Amino acid sequence: MRIATSHSLKAGAGEGGGEAVSALVAALGGAPDFLVVYATEHHADPALIKALAAGAPGAQIIGGTSCGGVMTEAGFHTGADGAIGLLGVCDPDGAYGVGAAPLAASPFAAGAEAIQKALSAAGRDYEAPILIWCSQPPGCEEQVIDGVQSIVGPKTPIVGGSSADEAIEGRWRQFSNDGVLADHVVVAALFPSAPHGAAFQSGYAPTGDTGVVTRADGRRVLEIDNKPASEVYSRWTGGEVSAFEAGMILAKSTPTPLGRVAARQDSVPMFVLSHPALLGVGGELSLFTDIAEGDHVHLMRGSPESLVKRAAVVVRDAMASSSGPGQGSLGALVIYCGGCMLHVRERMDEVAEQVREAIDGSPFLGAFTFGEQGAIIDSCNRHGNLMVSAVTFG
């Protein structure tokens, strides 16, 4: 199994894709069997996939748009004309397949259809993959996970990120061999020949403020402890987010998301986070995750320092959880929340360098997403916000 990465800052989708795939094939010493691509919205053009398919014929392609840029072991890549990042895998002893399905009226059905297509493309129908990589638009990730698990069960790790754009304007797209897709689920079924490890964490800690969601509707928290959610959240944040200023609060709320305990490891709670996005005129909080009445929520807090360090920590934890003995990392895929990236954008070179050091200079590709998916413990697959998800090979 061989892994390599490449990137391009060229303006044109076709030109950038061609440059990146040529460099990737040269680094691998041949065309990849599996190709992961993340690019900014500037390159969400059919010419990108056409260039990749021409340069890597036969490769199974998956990916999506990334906010602000991409990162590899060569650094954080961003520019006025956007960025493209590739990770390629040559693995003649493994099997890889990608499937895509439109969300339409049923995200659950789309998840089920996409994984069935991916298994068929891998030549492993009716088998449970070792690992699943996913890309989908923000909005219904929990239902997509449920749909995928309806086919393969709950024990296969589902890892990936929700595609993103530059200004939360719905310009996010998904990539597959079918092209540049809007409102699709794209999943890859992975049967790698090398051991793998996965980890899913955040750089936030509980503050001690906690309550119970007493009224909720989908992704909106209406009340916490029978009080308007905005009032409780404002009090918990010490007024950093006002209860009386309705509208977008993404930037203000990035340091203080809500957390729920997804599992415990050695009695230590493992949190999955929800990013408050909007404060409604009725006092409700709109999130980037589903929420339910009866959920216990905790105010979490993170510092720029903790967000900068967390990606490397998660990568190390993924390596430590490897499914086999391994001989050091062959490479990694890293999903880093776009909101966190924007919060520490001036220090993203540090983030990339710390990840590179964590895997001893091995190739990795990182994307910045508007939702993160991963396995907390024992493949407890979850969707969260402001988190880091990583898979390592080797």
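Student: In what order do the six strands of the open sheet that contains S1 and S11 stand, and how are they paired?

Tutor: This is a predicted model. In it, the order is S1-S6-S2-S3-S10-S11, and the pairing is mixed.

Student: What makes strand S1 and strand S11 edge strands?

Tutor: Count partners. S1 (2–8) and S11 (179–181) each have a single partner strand, so one side of each has no neighbour in the sheet. Neighbouring strands in this sheet are turned by 15 degrees against each other on average, direction ignored.

Student: How do you know that strand S3 and strand S10 pair?

Tutor: Pairing needs at least two bridges. Three bridges join S3 (residues 60–65) to S10 (residues 174–176), so they count as a pair, and they run antiparallel. One example is Gly-63, whose bridge partner in S10 is Phe-175.

Student: Which helix packs on this sheet, and which strands does it touch?

Tutor: Helix H1 (residues 13–28) does, touching S1, strand S2 (34–39) and strand S6 (84–90). The direction of H1 makes about 150 degrees with that of S1.

Student: What is the strand order in the open sheet that holds S7 and S26?

Tutor: The six strands run S7-S12-S8-S9-S25-S26, with mixed pairing. Strand S7 (95–102) and S26 stand at the edges. Each has a single partner strand, so one side of each is left without a neighbour in the sheet. The twist averages 15 degrees from one strand to the next.

Student: How do you know that S7 and strand S12 pair?

Tutor: The cut-off is at least two bridges. Eight bridges join S7 to S12 (residues 184–191), so the pair qualifies; the two run antiparallel. Within it, Gly-99 stands opposite Val-187 in S12.

Student: Which strands does helix H3 touch, and which does helix H4 touch?

Tutor: H3 (residues 107–121) touches S7, strand S8 (131–136) and S12. Its direction makes about 150 degrees with that of S7. H4 (residues 141–152) touches S8, strand S9 (158–162), S12, strand S25 (372–375) and S26. The direction of H4 makes about 165 degrees with that of S26.

Student: Why are Cys-337 and Cys-340 not called a disulfide?

Tutor: A disulfide needs two cysteine sulfurs within 2.5 Å. The sulfur of Cys-340 is 4.2 Å from that of Cys-337, its closest cysteine sulfur, so the gap is too far for a bond. A search of the whole structure finds zero disulfides.

Student: Are these two cysteines buried or exposed?

Tutor: Buried means under 20% relative accessible area. Cys-337 has 5%, so it is buried. Cys-340 has 4%, so it is buried as well.

Student: Why is Asn-385 called buried?

Tutor: Its relative accessibility is 3%, against a limit of under 20%, so Asn-385 counts as buried. Asn-385 sits in the loop between strand S26 (381–384) and strand S27 (387–393). Beyond its neighbours within four places in sequence, its contacts include Leu-273, His-275, Phe-288 and Glu-372.

Student: What makes Asp-209 partly exposed?

Tutor: Partly exposed lies between the buried limit of 20% and the exposed limit of 50%. Asp-209 has a relative accessible area of 28%, so it falls in that range. Asp-209 lies in strand S14 (residues 205–217). Not counting residues up to four places away in sequence, Asp-209 touches Trp-236, Val-297, His-298 and Leu-299.

Student: Which residues have the most contacts inside the largest nonpolar core?

Tutor: That core has 45 residues, and Met-71, Val-334, Tyr-336, Met-348, Phe-364, Phe-368 and Ile-376 have the most contacts inside it. Helix H7 (residues 304–320) gives the most to this core, with seven residues. Apart from this core lies another, of 25 residues, among them Val-98, Ala-188, Ile-335 and Ala-367.

Student: What does Phe-368 touch?

Tutor: Leaving out residues up to four places away in sequence, Phe-368 touches several residues, including Met-71, Phe-76, Tyr-336, Met-341 and Met-348.

Student: Why is the protein chain called as compact as a globular protein of its length?

Tutor: Compare two values. The radius of gyration is 20 Å, and the globule rule gives 21 Å for 394 residues. The two are close, so the chain is as compact as a globular protein of that length. The chain holds nine helices and 27 strands. Of its 394 residues, 59% count as buried.

Conventions
Residues numbered from 1 in each chain as written. Predicted model: local features only at pLDDT ≥ 70, side-chain atom pairs only at ≥ 80, totals over all residues. Heavy atoms only, no water. Buried < 20%, exposed > 50% of the residue type's maximum accessible area, 1.4 Å probe, protein only. Helix = DSSP H or I, 4+ residues; strand = E, 2+ residues; numbered from the N terminus. Contact = heavy atoms within 4.5 Å. Core = buried A, V, L, I, M, F, W, Y, C linked by side-chain atoms within 4.5 Å. Axes fitted to C-alpha atoms, helices over the stretch in contact; angles between N-to-C directions. Rg over C-alpha atoms; globule rule 2.2 N^0.38 Å.
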